[in-house]
Amino acid sequence: MASEAKRPKVDGDSTSDGLSEDPLQNFLRWCKKVGLTLSNKAYLSKEGTVAAYGMLASGDIEEGEVIFSIPRTALLFQSTTKVKAVLEEGKASLESASGWVSLLMTLMWEYTSPESYWGPYLSLWPDLKVLDHPMFWSEEERVRLLQGTGIPEAVDTDLDNIHKEYSDIVLPFIRLHPDLWDPEKHTLELYKRLVAFVMAYSFQEPLLEEDEDEKEPNFPMMVPLADMLNHVSNHSAHLEFTPDLLKMVSVRRIKTGEEVFNTYGEMANWQLLHMYGFAEPYPSNSNDTADIPMSNVYKAAVQATQSKAEHRLLVEKWNLLCQMEMVGETGAFIFGQAGVLTVTELYNTLKVVCMPAEEFEEWKENEGWEEVEEEDDDEEEKMTRALSNEAMPQLAPGWKQLLHGSARFTLDSYRGGLRADKDLLENREAYAQLSGRERHALQVRYGQKVVLNKLLELTQP
Ligand SMILES: C[S@@+](CC[C@H](N)C(=O)[O-])C[C@H]1O[C@@H](n2cnc3c(N)ncnc32)[C@H](O)[C@@H]1O
């Protein structure tokens, strides 16, 4: 697993030996000092967990119990670091599309500074060199193992943004402050590693409903202890934010000896692999999805046209859907285990693409896009029901044909590279011979194939 190497070996029990050179004990002492409180029914361990450090229950934990709490003063981000004044002063020049630069400058300084207040916390971090997100795989491996999953494209975008952010924002800022940062030490490579680390270890405070309109940027931050918990979709705890502190609260009963699992969000396996470097083994991820690129729906629609006039009409319809931002060049329709998740987009796309020419003319004249925007809850519910797996076989033949063709195009794009079939997944010997990367890729691809094959079956002409 990504976080295995370089961490010193420690016994499972956090109260075992108390040696001052033991990073876990140092960290736990630091936690006490900064006001972090941990229930005596839970402890950190590397044994009995799914990946490196994790938290285990040493007593039965009831639903709704606070397992630990962290005062806001112990969070690490741009407003709590020693270099906060410099970051505050240069705030405008550190703005970026990702909104992550200030936190990354904070981490570059704290991570390489022997005097960091967060030292005992930082010493528990994994060696950044062993992070194994797909962004560190070779391009050839990404294409061979992950083609069709959406990950290679997401990684290409990340790498472009990281390079640009580093050269346009970070490096000029470093050069302005040679007393704090050094381009020889705070390199692009370190920056990239820290981006991957922030992806996998940071937290973002959920916006309150009343703040949603204010467009206040919502920055990631580092939350000691909370970031030691592993994730599964069937999680047993979650992080709650209050004005003074953050609390890890159990969401169901956790029995003695069980690992306490946090949730990183409702994450499909491809998102887990992209952001965290792992995937849940099939079929345990109830949040798993498969994406059908919108361009594949267009391709399937083109394939179904039977004359030049039909093709021209389709182009006009698609352009209009693009203008309405119902579809986009890089967008995707998302399918979960019970049906489509991007209901409004898919419903309206199928409706418009399959409309006869006269109806389309009328729809345009009635400014169909306004109609779409004004859709009420009832309508939304109707669409959701119409596109659920149960209703799929009853769809109009044109809609079914379009969905069928789109799923087929998507499955075709998976060809080549790693086999993603049940035999490989269930054959212990063959599975054991795969590398960690191949296993993760297999879990992602197989889960997606199941969803797409189901869609093919349900839309069988
Ligand atoms: C927030 S950290 C959790 C602490 C981590 N186990 C450690 O020791 O540093 C997130 C990382 O833990 C690992 N992880 C979390 N949940 C996992 C799971 N269910 N299976 C495998 N690895 C997992 C992944 O490497 C992920 O990037």
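Good morning. I begin with L225, a residue that is buried, with 23 other C-beta atoms within 10 Å. Please keep in mind throughout that this is a predicted model. L225 is found in the loop between strand 6 (220-222) and strand 7. Its backbone deserves attention as well: phi of L225 is near 75°, a positive value in a residue other than glycine. As background, most residues other than glycine have a negative phi, and most peptide bonds are trans.

A second residue with a positive phi is E325, where the angle is near 60°, again in a residue other than glycine. E325 sits in the loop between helix 10 (308-323) and strand 11 (332-335). Is E325 buried or exposed? E325 is exposed, because only 10 other C-beta atoms lie within 10 Å, and the limit for that class is 12 or fewer. L225, by contrast, is buried, with its count of 23.

To complete the backbone remarks, the peptide bond from Y282 to P283 is cis, with omega near 0°. P283 belongs to the loop between helix 8 and strand 10 (290-293).

Let me turn to the overall division of the chain. The protein chain is divided into domain 1 (23-75 + 223-276), domain 2 (84-221) and domain 3 (290-458). Domain 1 and domain 2 have C-alpha centres that lie 23 Å apart. Their contact takes 18 residues from domain 1 and 18 residues from domain 2. Which elements supply at least two residues each to the side of domain 1 that touches domain 2? They are helix 1 (23-33), strand 7 (237-241) and helix 8 (269-276). By class, that side of domain 1 has 15 nonpolar, two polar and one charged residues.

The ligand comes next. Where does the ligand lie with respect to domain 1 and domain 2? Both domains give residues to the shell around the ligand, so the ligand lies between them. There are 19 residues around the ligand, of which A51, A52, Y53, A200 and N230 come nearest. The shell has 13 nonpolar, five polar and one charged residues.

I now move to the strands. Four strands form an open sheet in the order 1-4-8-7, and the pairing is antiparallel. Strand 1 (37-38) and strand 7 stand at the edges, each with a single partner strand, so one side of each is left without a neighbour in the sheet. Within this sheet, strand 4 (residues 66-71) and strand 8 (residues 245-250) run antiparallel and are joined by five bridges. For orientation on the screen, P71 stands opposite L245 in strand 8.

Strand 3 (residues 54-57) has partners of its own. Four bridges join strand 2 (residues 42-45) to strand 3, and the two run antiparallel; here S45 stands opposite G54. Two bridges join strand 3 to strand 9 (residues 259-260), also antiparallel, and the bridge partner of L56 in strand 9 is E259. In a regular strand the side chains alternate between the two faces of the sheet. Which residues of strand 3 are buried on each face? G54 and L56 are buried on one side, M55 and A57 on the other, and both faces are thus covered.

The next topic is the interior. In soluble globular proteins, nonpolar side chains tend to be buried together. In this model the largest nonpolar core has 78 residues, and those with the most contacts inside it are A42, I70, L75, L104 and V260. Helix 7 (residues 188-201) contributes the largest share of this core, seven residues. Among the core residues just named, L75 touches I70, T80, M221, M222 and V223, not counting residues up to four places away in sequence. Apart from this core lies another, of 32 residues, among them Y298, C354, L387 and M392.

I close with K164, which has its place in helix 6 (residues 151-176). Why does K164 count as exposed? The reason is its 12 C-beta neighbours inside 10 Å, since a residue is exposed if 12 or fewer lie within that distance. K164 and T49 are 115 residues apart in sequence and 38 Å apart in space, C-alpha to C-alpha. Thank you for your attention.

Key: Residues are numbered from 1 along each chain as its sequence is written. This is a predicted model: local features need pLDDT of at least 70, side-chain atom pairs count only at pLDDT 80 or more; totals for chains, interfaces and linings use all residues. A residue is buried if 20 or more other C-beta atoms lie within 10 Å of its own, exposed if 12 or fewer, and partly exposed in between; C-beta atoms are placed from the backbone. Domain bounds come from an automatic or database domain assignment. Two residues are in contact if their C-beta atoms, placed from the backbone, lie within 7 Å. Ala, Val, Leu, Ile, Met, Phe, Trp, Tyr, Cys and Pro count as nonpolar, Asp, Glu, Lys and Arg as charged, and the others, Gly among them, as polar. A nonpolar core is a set of buried Ala, Val, Leu, Ile, Met, Phe, Trp, Tyr and Cys residues joined through C-beta atoms within 7 Å. A residue is near a molecule or strand if its C-beta atom, placed from the backbone, lies within 6 Å of it. Two strands pair if DSSP finds at least two bridges between them.
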